[in-house]
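Reader: Before we discuss any label, I would like to see the model itself, and then ask what stands behind each term.

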Amino acid sequence: MGRKGKVSFEEKTRIVEMYLNGICSQEDCARIAGVTKTSVQQWIRKYETFGIEGLNTKIKHKKYTRDLKESAVRDYMNGLGSLSNISK
């Protein structure tokens, strides 16, 4: 079953670009969009990782192999990066 975002693709793009251009802080951007600061942080991370298409709501959840998941856990446990960076 697909997911429908509460905030449109266009609004997410506008908010992320406002933040990246220094127009507003993450807190201010969250207030403007009516979402939590964590949501704005996730949008920024997706935008930086996947580009503008990363802000599109996905139809299905992405599936990862067991090996990839275990590798990510090992990397995190060995201090090879932050959770956010390893997740990217």
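Reader: How much area does the protein chain expose, and what share of it do carbon and sulfur atoms supply?

Author: The protein chain exposes about 6,900 Å², and carbon and sulfur atoms supply 52% of it; accessible areas come from the Shrake-Rupley method with a 1.4 Å probe, and for residues only the protein chains shown count as cover. This is a predicted model, in which local features need pLDDT of at least 70 and side-chain atom pairs count only at pLDDT 80 or more, whereas totals for chains, interfaces and linings use all residues. Residues are numbered from 1 along each chain as its sequence is written, and side-chain values use heavy atoms, with hydrogens and water left out.

Reader: What makes the link between Cys 24 and Cys 29 a disulfide?

Author: The definition asks for a pair of cysteine sulfur atoms within 2.5 Å, and Cys 24 and Cys 29 are joined with an S to S distance of 2.0 Å. The structure holds 1 disulfide.

Reader: Why is the disulfide of Cys 24 and Cys 29 called right-handed?

Author: The torsion about the S-S bond of Cys 24 and Cys 29 is about 65°, and the disulfide is therefore right-handed.

Reader: Why is Leu 83 called exposed?

Author: Exposed means over 50% relative accessible area, buried under 20% and partly exposed in between (1.4 Å probe, protein chains only); Leu 83 has a relative accessible area of 56%, so Leu 83 is exposed. Cys 24 and Cys 29, by contrast, are both buried.
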